Amino acid sequence: MATELHTELEEAVRLRRNFAIISHPDAGKTTLTEKLLLYGGAIHEAGAVKARREQRKVTSDWMEMEQQRGISITSTVLQFLYNGYQINLLDTPGHQDFSEDTYRTLAAADNAVMLVDAAKGLETQTRKLFEVCKLRSLPIFTFINKLDRPGREPLELLDEIEQELGLQTYAVNWPIGMGDRFQGVYDRRLKEVHLFERTAHGTKAATETIYKIDDPALEGILDADLYEQLQEELEILEEIGADFDLEAIHAGKQTPIFFGSAMTNFGVQLFLSAFLEYALKPEPRASSLGDLEPTYPEFTGFVFKLQANMDPKHRDRVAFVRVCTGKFEKDMTVSHARTGKTVRLSRPQKLFAQGRESLEEAYAGDVIGLNNPGVFAIGDTIYCGKKLEYEGIPCFSPELFAYLKNPNPSKFKQFQKGVKELQEEGAVQIMYSADEFKREPILAAVGQLQFEVVQHRLRSEYGVDSKLEPIPYSVARWVTNGWEALEKAGKIFNTMIVKDLWERPVILFKNEWNLHQIQGDHPHLKLSAIAPIGSSVK
């Protein structure tokens, strides 16, 4: 029986691929996500983000505010089959105000796809998110997008990635033309030229014609200057480009580069096929029992995201769980590491953005949705068998603070419920003053848009209006040696003492200068810009 299970787990892990997409806002991330789903057969027609009236809305942006503004605010999970592989695509917010949601999602990913706008090259948010991937040594696949518009020279873009990120590059395919003259790509793996035909608004899979690079007919089909340019650039790549190195890719030191246009579907299928071949399958993960192989026989997983009201009709709360080892089965009973309680997982769901369907089983690399009746917190470990915990997921120092006030006392219960559920979800950090007489919640955010989203969701999902009263602080630090150390310090001027979700002390400072001054006056206070969250917290 044990041998049978091991064989089943090995085969399931071999066929699983899990990745998150990272990019700067407006690089085309949501469009690429849609097109990957289109080629995976998960949807039959792709919807543009800035949708035409007659087109359907995009699948991955399910929140009303996302569809209104044409941006991704929340992380979503999209699961689909392609060529026999089970793919878990973790779509992350592009907007920098939601980078913390992205950090949490990257904790659940085995690979990252870095999306780069061909005209703009590397941008601020992409650089920041790359650093997170680098910390976790994630393999990074680069898709250079928007080749259907005028952009920078491909060789220049490769050079920028190498110089600025310190990543060796290997071009898996190479573009033929750019802008209106973008005709296709050359696949260096198979030595084939793929010429594409445009489809109406890119809603259907692109039709392509394939030629071998040495086919004499090719010279007559391509414009003479494009044919000549392709031959020259391929020669340069062969002479000065790095050799393909799968080990270096898996270690996050070399990035395979793909060129294409998500909007017109050019190059998307080639990217998907190569990704499945090169990407890491689920790997061992660090736990309190050491590194656990995905074929470890007992089921284990951790919560990396909570989301309230994905289905407004049912007022549900969903915990997103990354399966790390073993086999998950519907109705199984697991142990909850933080509380020591046992929990029956009776309504597991396969996630597809806002759509869900019942799930019978899942394996390492899969992401499952669990109904969350207030049991789970971000970073929680659930397991069967021997007790263990996975590393906690940190939360980061916010920079904007405001009291959240309820102007309508008759809506007190709805207000409290909304604040509690959004706090559990991690949509924004919510703190409370250490002064017991001040009971209003304090919103602590990385960016202004987080405030807007919380107010919008309180109104649309809980029927509650709210007012914000800004507080003049811009830096938060957790006191890692606790309340006792804080009491010993006595009165600390020009600061505000608050407590977080876990009742831990946090000091708010006016600015960095204020922080350095207090650190100088109270050297025994151990302050941290990052708070561990979840499993390590009691």
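**Cysteines, largest pocket and helix α1**

Cys324 has a relative accessibility of 1% and is therefore classed as buried, the cut-off for that class being under 20%. Cys133 is likewise buried, at a relative accessible area of 0%. The model in which these values were computed is a predicted one. A disulfide is a covalent bond that joins the sulfur atoms of two cysteines. With the criterion of a pair of cysteine sulfur atoms within 2.5 Å, the number of disulfides is zero.

The largest pocket encloses about 630 Å³ of space. Its lining comprises 25 residues, of which Ala107, Ala109, Arg136, Arg285 and Glu391 are the closest to the centre of the pocket. At least two lining residues come from each of α4 (99–106), α5 (124–135) and β12 (285–287). Sorted by class, the lining of the largest pocket consists of 16 nonpolar, six charged and three polar residues.

Helix α1 covers residues 2–14, and a rise of 1.5 Å a residue gives an expected span of 18 Å for its 13 residues. The C-alpha atoms at the ends of α1 are 18 Å apart, in agreement with that expectation. Within α1, the residues Leu9, Ala12 and Val13 are buried. Viewed down the axis of α1, the buried residues lie within an arc of 95° and so line one face of the helix. Thr3 and Glu4, on the other side of α1, are exposed, a class that requires over 50% relative accessible area.

Notes. Residues numbered from 1 in each chain as written. Predicted model: local features only at pLDDT ≥ 70, side-chain atom pairs only at ≥ 80, totals over all residues. Heavy atoms only, no water. Buried < 20%, exposed > 50% of the residue type's maximum accessible area, 1.4 Å probe, protein only. 1 Å grid on protein atoms, 1.4 Å probe; cavity = no way out; pocket = protein on both sides within 12 Å on 5 of 7 lines; lining within 4 Å. Points joined across faces, edges and corners; volume = space filled by probe spheres on them. Helix = DSSP H or I, 4+ residues; strand = E, 2+ residues; numbered from the N terminus. Nonpolar A, V, L, I, M, F, W, Y, C, P; charged D, E, K, R; others polar. Expected span 1.5 Å × (residues − 1). Arc of directions from axis to C-beta.
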